[in-house]
Amino acid sequence: MPLVYQQNINAVTKIGVWHIAEEEDFFLKQVPLQRTITHWHKRLQHLAGRLLLKELYPDFPVGLIQVADTKKPFLENEPYHFSISHCGDYAAAMVSKEYRVGVDVELVTPKIELIQFKFMSDVELKISNGQQAAGRQWATLCWSVKESVYKWWGNGGVDFKKDIVIITISGDAGEGIVHCVFKDDRELNVHFLHFNDNYLTWVLTAH
Ligand SMILES: CC(C)(COP(=O)(O)OP(=O)(O)OC[C@H]1O[C@@H](n2cnc3c(N)ncnc32)[C@H](O)[C@@H]1OP(=O)(O)O)[C@@H](O)C(=O)NCCC(=O)NCCS
């Protein structure tokens, strides 16, 4: 099953989600594998992320992707800004001709509750919009929000607990916006969508 979700965020920015159900050959006919990835499923996730870039913008030069020391993938001179994520059988990508972007997809699992204290402040642990179930749902959403912000930033050196502070959440359990402050001086609105027990989150700014 190919593209399961696509949204035109604005005139120059698109986001998409791919449900990975194809064999490796399907992807390799369309996009190159740019580094050795030994685990077959991680290889599929990587390839699906690359293919999504082309699904969103057919002229996306996937073969020219470089990877920075921070591991952030980029294109020289940035004709497109982009961000990729994968989790389980889903891959997500966001591409913009103009805006700096970050995306994340995260499956809700009980494991998150064991580590939530490492990346959530005491205040964040108590935040709820009344419709957001507490516990693992909220912790997964927080984690995904922070991963999106981390990728949007792209330069590493981010303390998830101190540098990304969640202030409010609006919307309902299905979709909404998480308002946060990055490194004490940058306000960010991270959008979220809840589907099949996954959270898709994304952020974009004019640099
Ligand atoms: C880099 C990181 C975001 C990737 O996470 P992951 O679990 O592999 O999750 P995802 O599948 O969502 O993302 C992978 C994609 O992120 C992208 N990516 C990797 N490093 C990146 C970076 N520094 N900036 C932006 N994007 C990055 C890549 O496109 C990668 O996919 P690809 O290798 O197939 O191209 C994550 O490993 C990380 O380091 N997070 C911060 C950890 C941290 O500081 N934690 C402290 C909390 S207590």
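Q: What radius of gyration does the protein have, set against that of a compact globule with 207 residues?
A: In this predicted model, the comparison starts from the chain length, because a compact globule of 207 residues would have a radius of gyration near 17 Å. The C-alpha atoms fill a box of roughly 50 × 35 × 30 Å, taken along the principal axes, and 38% of the 207 residues count as buried. The computed radius of gyration agrees with the globule value, at 17 Å.

Q: How far apart do the C-alpha centres of domain 1 and domain 2 lie?
A: The protein, which has six helices and eleven strands, is divided into domain 1 (3–97) and domain 2 (105–205). Taking the C-alpha centre of each domain, the separation between domain 1 and domain 2 is 22 Å.

Q: Which strands each supply at least two residues of the side of domain 1 that touches domain 2?
A: Across the boundary between the domains, 15 residues of domain 1 are in contact with twelve residues of domain 2. On the side of domain 1 that touches domain 2, the strands that each supply at least two residues are β2, β5 and β6.

Q: Where does the ligand shell lie with respect to domain 1 (3–97) and domain 2 (105–205)?
A: The shell consists of 20 residues surrounding the ligand, and the closest are K71, K72, I84, S85 and K151. By class, the shell has six nonpolar, eight polar and six charged residues. Because domain 1 and domain 2 both give residues to the shell, it lies between them.

Q: Which element gives the most to the shell around the ligand?
A: Several elements take part, since α2, β5, α3 (111–119) and α5 (136–153) each supply at least two residues of the shell. With four residues, the element that gives the most to the shell is β5.

Q: What distance separates the end C-alpha atoms of helix α2 (residues 40–56)?
A: Helix α2 has 17 residues, and at 1.5 Å a residue the helix should span 24 Å. The distance between its end C-alpha atoms agrees with that expectation, because it is 24 Å.

Q: Which elements are included in what covers the buried residues of α2?
A: The residues of α2 that are buried are L44, Q45, H46, L47, A48, G49, R50, L51, L52, L53 and L56. Helix α2 also supplies at least two residues of the shell around the ligand. What covers the buried residues of α2 includes β2 (13–19), α1 (24–28), β5 (81–87) and β6 (90–96).

Note on methods. Residues numbered from 1 in each chain as written. Predicted model: local features only at pLDDT ≥ 70, side-chain atom pairs only at ≥ 80, totals over all residues. Expected span 1.5 Å × (residues − 1). Buried ≥ 20, exposed ≤ 12 C-beta atoms within 10 Å, placed from the backbone. Contact = placed C-beta atoms within 7 Å. Near = placed C-beta within 6 Å. Nonpolar A, V, L, I, M, F, W, Y, C, P; charged D, E, K, R; others polar. Domains from an automatic or database assignment. Rg over C-alpha atoms; globule rule 2.2 N^0.38 Å.
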